[in-house]
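User: I would like to learn how to read strands, cavities and cysteines in a protein model. Could you please guide me through one example?

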Amino acid sequence: MLNELPVEIKLELLKSHLQLAFLNTEWYRLSNRFYKEHCLKLKPKAYWIRLQNGVCRYIETLDKERGAARRINARNSLSYGDELSNIPFMSDSWQIIYSVLFRNPRFFAMECESREMNLSHDVKTEYYCPMELESGRKYPCNLWCKKVTDGGFFGSIRVAIYGQPDCTDPLLLRDLPLVLNDWCKVPGMYCLYGGDFEIPKSATSLQVVHMGVSITNATNVVLEAVDTTPFQNAKSWLLFSTREMEIFNPTEKLLSAERMHWDEKFVNINNTASTKEAEFNFVYRFPKDSGSHNDLKSVWFPRLRDCSMIDT
């Protein structure tokens, strides 16, 4: 029987069979331990002590949706004699922490400047964002753009991701289709598919890559975030949108800023986002790919499997 196996073997099984976490409460708690150990391999204990307040602040905002699952771990505090073992909203939530920071993170804080191109009236707005990601993995690059008024244009958009800060070792170079303007006429939030890129394997578990986005002749459009979530994996999509203007958890923005050592002043923590009511509409690349968007109900927190069926 699986339940009779030693803990060490169970943890090894979870590496390749993560669905075992939903077998019963014991396995769910072991999964939390598995993700904690994995996070500690990626970053040392001192890193987590530094981020503790930001992590706990973010996880606490998810408790309405994820509280029951979190308390499965909290009721059985797994103490390993270290200071990370009994921290509410942190020691009981390592799967969410890993997902938010490493598996499919979003990055919000970006440097931005606009300049007029020589010998023309074109205005290019350039965004720069360093992104810390896992080595040896493939990621999508999704751009969240906010269009604040009716009219105006998205302009010409180019995405570039480099392995080095001097713009060498290109990982992704792509111009987005100019037809985006036909689909982005009304105010709202738009997520644009920017392409896929792969982080080379290296001796280090994490690497910082350097992303630049240039938007030429955009009017009333700002780049809000860069997302690495694999939306609509089975379908070829161009973009999806919602009329809602504020859809991100403000405390996730703060955590992103703290993680990448950005200034937190760009975040208004008093913002109230309406993600749970937002309706997302997809535009697909090919008509044969048209279909439901039921696997994207919210961007408020990572898509994690429901734990209501776990045997307690």
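Analyst: The dialogue below takes up sheets, then cavities, then cysteines. Please keep in mind that this is a predicted model.

User: What should I look for in a sheet, and in which order do the strands of the open sheet lie here?

Analyst: Strands of a sheet pair through backbone hydrogen bonds, and the pairing is either parallel or antiparallel. In this structure, an open sheet of five strands follows the order β2-β3-β8-β5-β6, and its pairing is antiparallel. The edges are formed by β2 (111–116) and β6 (170–175); each has a single partner strand, so one side of each has no neighbour in the sheet. From one strand to the next, the twist averages 15°.

User: How many bridges join β5 to β8?

Analyst: Strand β5, residues 156–162, is joined to strand β8, residues 206–216, by seven bridges, and the two run antiparallel. To see one such bridge, find Ile 157 and look across to its partner in β8, Ile 215.

User: With which strands does β7 pair, and how many bridges are there in each case?

Analyst: β7 pairs with strand β4 (residues 138–147) in the antiparallel sense over nine bridges. One bridge to examine is that of Lys 138, whose partner in β7 is Glu 198. β7 is also joined to strand β10 (residues 237–242) by four bridges, again running antiparallel. There, Cys 191 has Phe 240 of β10 as its bridge partner.

User: Is strand β7 mostly covered or mostly uncovered?

Analyst: Strand β7, which spans residues 188–198, is mostly covered, with eight of its eleven residues buried.

User: Let us turn to cavities. How many cavities of 30 Å³ or more are there, and how much space lies in the largest?

Analyst: A cavity is a space that a probe fits into but cannot leave. The count here is three cavities of 30 Å³ or more. The largest holds about 120 Å³ of space. It is lined by 13 residues, of which Tyr 28, Asn 73, Asp 92, Ser 93 and Gln 95 are the closest to its centre.

User: Which elements supply the lining of the largest cavity, and what classes of residue does it have?

Analyst: At least two lining residues come from each of α2 (25–42), α4 (63–74) and α5 (94–103). The element that gives the most is α4, with four residues. By class, the lining of the largest cavity has five nonpolar, five polar and three charged residues.

User: How much space lies in the second largest cavity, and which residues line it?

Analyst: The second largest cavity holds about 60 Å³ of space. Its lining residues include Val 100, Pro 105, Phe 107, Glu 252 and Met 260. Two or more lining residues come from each of α5, β1 (106–107) and α7 (250–259). Here α7 gives the most, with four residues. The lining has six nonpolar, one polar and three charged residues.

User: Finally, how many disulfides does a search of the whole structure find?

Analyst: A disulfide is a covalent bond between the sulfur atoms of two cysteines. A search of the whole structure finds zero disulfides. Cys 141, for instance, is in no disulfide: the nearest cysteine sulfur belongs to Cys 129 and is 9.3 Å away.

User: Why does Cys 141 count as buried, and what of Cys 56?

Analyst: A residue is called buried when its relative accessible area is under 20%. Cys 141 counts as buried because its relative accessibility is 0%. Cys 56 is also buried, with a relative accessible area of 12%.

Note on methods:
Residues numbered from 1 in each chain as written. Predicted model: local features only at pLDDT ≥ 70, side-chain atom pairs only at ≥ 80, totals over all residues. Heavy atoms only, no water. Pairing = 2+ DSSP bridges. Axes fitted to C-alpha atoms, helices over the stretch in contact; angles between N-to-C directions. Buried < 20%, exposed > 50% of the residue type's maximum accessible area, 1.4 Å probe, protein only. 1 Å grid on protein atoms, 1.4 Å probe; cavity = no way out; pocket = protein on both sides within 12 Å on 5 of 7 lines; lining within 4 Å. Points joined across faces, edges and corners; volume = space filled by probe spheres on them. Nonpolar A, V, L, I, M, F, W, Y, C, P; charged D, E, K, R; others polar. Disulfide = S-S within 2.5 Å.
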